[in-house]
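User: Hey, can you walk me through this one? I've got it open but I don't know where to look.
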Amino acid sequence: MNLLSVNQLSKSFGDKKLFQNINFGINYGDKVALIAKNGSGKSTLFKILQGIEIPDSGDIAFRKELRISFLSQEPNLDDNHTIEQAIYAGDSEMVKTAIDYTHLVETHYANPSEKTENQLDILTNKMNDLEAWNVETQIMLVCANLGLHDLKQKVNTLSGGQKKRLALAQVILNEPDLLIMDEPTNHLDVTVIEWLEEYLRTYKKSILLVTHDRYFLDEVCDRIIEIDNHALYEYKGKFDYYMEKKAERVMMEASELEKAKNLYRRELEWVRKQPRARTTKSKSRVDAFYDVEAKARKKSVDKKIELSVKVERIGSKIIEVHNLKKAFGDKKILEPFTYTFIKGEKIGIVGPNGIGKSTFINMLQGLEPPDTGKVTVGDTIVFGYYSQKGIQVAEDKRVIEVVKDIAEFIPLANGTSLSASGLLTRFNFPPEVQYGHVSKLSGGERRRLYLLTVLVKNPNFLILDEPTNDLDIITLQTLEEFLLEFQGCVLIVSHDRYFLDRLVDHVFAFEGDGIVKDFPGNYSEYRQWKYDSEAEAEELAKEQKAIDHAAAQVIVSTPEIKIEKASVEKVAVSEKKKLTFKEQKELEALDVELPKLELRKVEIETLLASGISDVKEIEKLSNEFTMISSQIDEKTMRWLELQE
């Protein structure tokens with residue numbers, strides 16, 4: 001079943017052509033990734049699909065009554081809303097039906113009528129069809145998985161990453177037939193990315209997305225479309241299949257281009273020899289010549305970015321970190337941390353958002369003072385810092401001026417130097433873009449220009465804070481190759497698992513409460529180790545619980561070992577001396593509260609299964625059931641913490 005058809009679509013901005021006469025379609029259940037270089041028109045195409053931009057030519061056809069949700073890179077949210085209000089204000093049919101049902105129930109009980117009773121019957125059936133009875137629970141579950149825990153928090157107090165997660169919650173709860181997403185993993189930590197990856201992998205409907213995250217792309221999508229040289233190409237397979245088939249296509253195009261050039265040279269010689277009065281036959285050959293000329297003059301396909309800059313000499317002393325500590329109020333960022341960097345190291349820094357990764361790299365550079373401890377930087381160290389903030393220059397400045405402000409000529413790794421214009425050309429900024437204003441650059445082109453300004457300073461200690469956000473896959477591959485050959489040290493803060501796995505020697509894992517795990521290996525190896533450790537701890541806890549339960553049963557049921565029971569209790573009390581008086585009282589209270597909550601949960605389940613017809617009573621019991629389930633989970637976790 002076809003949901004979307006794009007036919008002969010073209011778009012340009014002035015002299016800049018984005019795409020021309022492109023065609024593609026999306027059927028029900030398709031999961032499609034869109035790939036293109038920065039500035040090739042990915043976001044523009046999405047805006048055309050949304051109706052925000054108008055194409056120069058061509059048309060788009062959506063299936064009738066198709067439910068579509070768009071996730072843009074910059075979510076449009078009402079700052080005056082809370083997170084909860086923003087979700088309820090979204091386009092979710094399930095949420096809207098639940099709101100309508102609640103309002104109608106209130107109206108019916110205030111003023112009963114046959115009309116409202118009939119409407120209630122209709123809405124009740126719709127609630128059943130949409131499985132909307134536990135809508136609040138579903139909202140809480142989605143928000144919890146996306147790291148949005150305080151639903152009363154105002155939108156205007158959220159960070160950029162939190163706003164992205166809220167917009168994600170809105171589109172997920174909408175459950176559309178076609179979900180269109182522009183860089184959904186930007187600003188998300190790995191735990192959230194993995195949850196979203198699993199959710200979309202099992203999503204039964206259709207998806208069209210732009211992403212630079214190659215692991216995410218491989219898990220979610222089974223088809224790739226690419227905009228390249230203003231045309232669109234399609235690949236039915238995963239990322240490695242796309243890379244293989246694209247390489248074949250590029251080689252074929254290069255071969256055809258060479259043939260066209262050879263033919264053009266021969267035809268040009270013939271045209272120049274012809275007299276002014278030509279026969280009909282020779283005129284047709286001249287017409288064909290112009291077609292050959294157009295092919296021969298076509299630019300070489302897939303022009304790659306070249307990263308080649310000089311690296312300042314690096315001495316034996318790099319950076320030494322001694323007993324570094326940092327906290328903001330009660331929040332511990334770093335407990336005593338000591339490390340000595342060595343030449344050529346490539347270290348990945350991972351951990352949830354807001355845990356202190358950026359604070360740590362700022363302390364290394366002297367931009368943030370530690371509470372205690374010391375950072376000693378070697379005399380030869382030249383930092384190159386690529387921050388999340390991006391490039392900070394005037395919008396009306398010309399692109400070439402940004403580079404010339406640093407240097408007119410830039411020394412290269414091979415001992416030669418290159419002009420600012422030449423270096424920009426190597427970074428895929430053609431002359432017409434170089435002399436344009438920064439304001440005209442796309443988000444990805446800005447990030448590429450920023451990367452250039454960091455590298456031209458010839459650093460030998462690179463610190464990259466989320467370098468993969470907004471960079472296209474082609475640029476990322478070139479950056480990876482550059483970093484693999486880079487002779488200095490590299491510190492990478494990233495949530496891009498593929499990027500980390502390819503580059504890093506070991507990982508600094510920020511695990512919370514100031515703890516940093518120095519793990520020897522790449523990110524996937526660290527993640528597997530963590531999974532295994534957690535699984536082992538969980539298994540040991542289950543075994544210990546089973547042993548404790550069995551021992552308690554034996555002690556209670558065997559009178560002759562009453563003395564042993566007393567001695568066990570005595571041991572238990574002596575072990576519990578590790579708890580504070582307040583914690584001991586809390587544990588005792590939980591031992592009383594948890595059985596009561598479990599009993600009430602069973603009572604509610606029994607009542608709901610008994611066939612109550614009172615709608616208001618069902619709603620009341622459902623809300624209580626949700627609240628009690630949440631309390632049991634929370635109190636059980638706390639009970640386990642105190643027991644341990």
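Analyst: Sure, and keep in mind that this is a predicted model. Let's begin at E175, which comes just after helix α6 and takes a positive phi of about 45 degrees.

User: OK, what about α6 itself, does its length match or clash with what you'd expect?
Analyst: The length agrees: α6 covers residues 160–174, and at 1.5 Å a residue its 15 residues should span 21 Å, while the end C-alpha atoms are 22 Å apart.

User: And is α6 mostly covered or mostly open?
Analyst: Mostly covered, with 12 of its 15 residues buried. Among them are G161, K164, R165 and the stretch's last residue in the list, N174.

User: What covers those buried residues?
Analyst: The cover includes two strands, β5 (68–71) and β6 (178–182). It also includes helices α2 (83–88), α3 (93–110), α5 (135–145) and α7 (190–201).

User: Let's zoom out. How many helices and strands are there in the protein?
Analyst: There are 21 helices and 20 strands. The protein has 644 residues, and buried ones make up 43% of them.

User: How much surface does the protein expose?
Analyst: About 34,400 Å², with carbon and sulfur atoms supplying 51% of it.

User: What share of the contacts join residues far along the chain, say at least 24 apart?
Analyst: If you take contacts between residues at least 6 apart in sequence, 67% join residues at least 24 apart.

User: New topic: sheets. What's the strand order in the open one with 6 strands?
Analyst: The order is β14-β17-β18-β12-β19-β20, and the pairing is mixed. β14 (383–386) and β20 (515–520) are the edge strands, so named because each pairs on one side only, where pairing takes at least two bridges. On average, neighbouring strands in this sheet are turned by 15 degrees against each other, ignoring direction.

User: How do β12 and β18 run, parallel or antiparallel?
Analyst: Parallel, with 4 bridges joining β12 (residues 346–350) to β18 (residues 489–493). For one position you can find on screen, I349 has V493 in β18 as its bridge partner.

User: Which helices lie across those strands?
Analyst: Helix α15 (residues 443–455) lies across β14 and β17 (461–465), running at about 170 degrees to β14. Helix α16 (residues 473–485) lies across β12, β17 and β18, at about 150 degrees to β17.

User: How many aromatic pairs does the structure hold?
Analyst: It holds 20. One of them is F341 with F508, an edge-to-face pair at 6.4 Å centre to centre, with 70 degrees between the planes. F341 sits in the loop between β11 (331–340) and β12, F508 sits in β19 (residues 506–512), and the two are 167 residues apart.

User: Are F341 and F508 buried or exposed?
Analyst: Both are buried. There's also a pair between F383 and F461, edge-to-face as well, at 5.5 Å centre to centre and 70 degrees between the planes. That pair links strand β14, which holds F383, to strand β17, which holds F461, across 78 residues.

User: Why does F461 count as buried?
Analyst: F461 has 1% relative accessibility, so it falls under the 20% cut-off for buried. F383 has a relative accessible area of 24%, so it is partly exposed.

User: Which residues form the aromatic cluster with those four?
Analyst: F341, F383, F461 and F508 form one aromatic cluster together with F337, Y339, F360 and F510.

How values were computed
Residues numbered from 1 in each chain as written. Predicted model: local features only at pLDDT ≥ 70, side-chain atom pairs only at ≥ 80, totals over all residues. Heavy atoms only, no water. Axes fitted to C-alpha atoms, helices over the stretch in contact; angles between N-to-C directions. Contact = heavy atoms within 4.5 Å. Expected span 1.5 Å × (residues − 1). Buried < 20%, exposed > 50% of the residue type's maximum accessible area, 1.4 Å probe, protein only. Areas by Shrake-Rupley, 256 points an atom, 1.4 Å probe, with all protein chains shown as cover. Phe/Tyr/Trp six-rings, centres within 6.5 Å; stacked < 30°, edge-to-face > 60°.
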